[in-house]
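Let's walk through this model together, beginning with a local backbone detail and then stepping back to the whole chain.

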Amino acid sequence: MSAEDNKALVVAFYQQAFNDYQPEQATEAHLGETYIQHNPEAQDSPQAFVGYVHWLRGQFPDLRLDIKRAVA
């Protein structure tokens, strides 16, 4: 997979999880069994990511990510 493919995958994942508010579908489409979260406030695993997105959207219902740049 090229660097451009990797960037497109990550942007699609975050778009679907946060902006489309479909974290379950995003994890099924884009993650494997293991997910390492780099945010110290969130736990590892696809299920933990889904829970974090739901929690975050509960705290900030109008949350939207505007991805300006992706680097690979």
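Ser45 counts as partly exposed, because its relative accessible area of 22% falls between the 20% limit for buried and the 50% limit for exposed residues. Keep in mind that you are looking at a predicted model. You will find Ser45 in the loop between α2 and α3, the latter covering 46-59. Its backbone deserves a look too: phi of Ser45 is positive, about 110°, although the residue is not a glycine. Most residues other than glycine have a negative phi.

Tyr21 gives you another case of this kind, with a positive phi near 50° in a residue other than glycine. Tyr21 sits in the loop between α1 (3-19) and α2 (23-30). With a relative accessibility of 33%, Tyr21 is also classed as partly exposed.

Now zoom out to the full chain. There are 3 helices and 0 strands, so the order from the N terminus is simply α-α-α. How does the radius of gyration fit a compact globule? For 72 residues such a globule would have a value near 11 Å, and the chain, at 12 Å, agrees with that. The C-alpha trace spans about 35 × 25 × 25 Å along its principal axes.

Inside the fold, buried residues account for 26% of the 72. Of the contacts between residues at least 6 apart in sequence, 44% join residues at least 24 apart.

On the outside, the accessible surface is about 5,200 Å², with 51% of it belonging to carbon and sulfur atoms. As for charge, the chain carries 5 positive and 10 negative side chains, and the centres of these two sets are 12 Å apart.

Definitions and conventions. Residues numbered from 1 in each chain as written. Predicted model: local features only at pLDDT ≥ 70, side-chain atom pairs only at ≥ 80, totals over all residues. Heavy atoms only, no water. Helix = DSSP H or I, 4+ residues; strand = E, 2+ residues; numbered from the N terminus. Rg over C-alpha atoms; globule rule 2.2 N^0.38 Å. Buried < 20%, exposed > 50% of the residue type's maximum accessible area, 1.4 Å probe, protein only. Contact = heavy atoms within 4.5 Å. Areas by Shrake-Rupley, 256 points an atom, 1.4 Å probe, with all protein chains shown as cover. Lys, Arg positive; Asp, Glu negative; His and termini not counted. Charge placed at Lys NZ, Arg CZ, Asp CG, Glu CD.
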